[in-house]
Amino acid sequence: MVTTFQTSDRIGDIVAKFPKAGEIFRKNNIDYCCGGNRSLAVAIKEQNLDERILLDKLNSTYQKALNLETEEKDWLTEPLADLIDHIVNKHHTYLKTTLPALSELVTTILRVHGAKHHELRRVHKLFHTLKMDLEQHLITEEEVLFPMIKDYEKSKSRDLLGKISATIDELEGEHENAGDILKELRSITTNYTTPEDACPTYDKAYKTMEEVEGDIFNHIHLENNILHKRIGQLLH
Ligand SMILES: [Fe+2]
Ligand SMILES: [Fe+2]
């Protein structure tokens, strides 16, 4: 087996090279978007994981993917405009359709089950804070940051690069906030486990919320660890 990945590698770099590693990290509660700057060794220690099992899993899954020759694009080298279009078409579109639908589900389960399951008040509040924050965040990206990056790719203006970098700092702070809300949601829902008396709407709400979490992790990873990092490299 090839040993492509080592524990000294940065988590964000591993997912940048091999996007499917994100799934393995999620299953093991390793944060790879906002916590992408840490080494794998640090995360393994934090989560009290078996280093050998995790590394074997990473390397064997990578080997399998190589054998399948999957046609994942290499976002480390594709034009920035294409990466941006991919982020918008895949992740922004997903959030724009899923968040309003999930809002209805979360409101319904609060109404029906809130008297018995008090944590649903907090779930309702956290989810709607996240929804509003993300809606504004997507607008800043689509109306401010992404057009500036696309302009820069054509004009190579150093002035523009300074503005881009300042906007990125602000947006990465918002990513951190979204990550914190997701962590709290996961904790108060006990890893999105529904109670025994849950109805299908309750199940659907938690299942969708967990899917949204996974999609946001992949989304923030593409922005923090690839798009923003590539801009950072242009500054030096
Ligand atoms: Fe985004
Ligand atoms: Fe973002």
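Domain bounds here come from an automatic or database domain assignment. On that basis, the protein splits into domain 1, covering residues 11-68, and domain 2, covering residues 80-235. The model is a predicted one, and its confidence is worth a look before anything else. The average pLDDT is 93, and 96% of the residues score at least 70. Confidence bottoms out in helix 4 (residues 51-68), with a mean of 85, and peaks in helix 6, with a mean of 97.

Back to the two domains. Their C-alpha centres sit 21 Å apart. Domain 1 puts 10 residues into the contact, and domain 2 puts in 11. On the domain 1 side, the elements that supply two or more residues are helix 1 (11-17) and helix 2 (21-27). Helix 1 is the top contributor to that side, with 3 residues. By residue type, the domain 1 side breaks down into 5 nonpolar, 3 polar and 2 charged.

Next comes helix 6, which takes in residues 119-155. Its 37 residues, at 1.5 Å each, should span 54 Å, and the end C-alpha atoms turn out to be 51 Å apart, so the expected and modelled spans agree. The helix does have a kink, of about 40 degrees, centred on Glu141. Glu141 also happens to be one of the buried residues of helix 6. The others on that list are Leu120, Val123, Phe127, Leu130, Leu134, Leu145, Phe146 and Ile149. What lies over these buried residues? The cover includes helix 5 (80-113), helix 7 (158-188) and helix 8 (200-235). Just past the end of helix 6, Lys156 adopts a positive phi of about 55 degrees.

Helix 5 can be put through the length check as well. With 34 residues at 1.5 Å apiece, helix 5 ought to span 50 Å; its end C-alpha atoms are 46 Å apart, so this helix also agrees with expectation. Helix 5 has a kink of about 30 degrees, and Val88 is at its centre. The buried residues of helix 5 are Leu83, Ile84, Ile87, Leu102, Val106, Ile109 and His113. These pack against helix 6 and helix 8.

Not every residue of helix 5 is tucked away. Asp82 belongs to this helix, and Asp82 counts as exposed because just 12 other C-beta atoms lie within 10 Å, where exposed means 12 or fewer. Along the chain, Asp82 and Lys150 are 68 residues apart, yet their C-alpha atoms are separated by 9.4 Å.

Leu235 offers another case, this time in helix 8. Is Leu235 buried or exposed? It has 10 C-beta neighbours inside 10 Å, so Leu235 counts as exposed. Even so, Leu235 has contacts further off in the sequence: leaving aside residues up to four places away, Leu235 touches Leu161 and Ser165. The pairing with Ser165 bridges 70 residues of sequence, with the two C-alpha atoms 8.5 Å apart in space.

Methods
Residues are numbered from 1 along each chain as its sequence is written. Chains are lettered from A and ligands numbered from 1 in the order in which they are written. This is a predicted model: local features need pLDDT of at least 70, side-chain atom pairs count only at pLDDT 80 or more; totals for chains, interfaces and linings use all residues. Two residues are in contact if their C-beta atoms, placed from the backbone, lie within 7 Å. Helices (H or I, at least four residues) and strands (E, at least two) are DSSP runs, numbered from the N terminus. Ala, Val, Leu, Ile, Met, Phe, Trp, Tyr, Cys and Pro count as nonpolar, Asp, Glu, Lys and Arg as charged, and the others, Gly among them, as polar. The expected span of a helix is 1.5 Å times one less than its number of residues. The bend at a residue is the angle between axes fitted to the seven residues ending there and the seven starting there. A residue is buried if 20 or more other C-beta atoms lie within 10 Å of its own, exposed if 12 or fewer, and partly exposed in between; C-beta atoms are placed from the backbone. pLDDT is the predictor's confidence in each residue, from 0 to 100.
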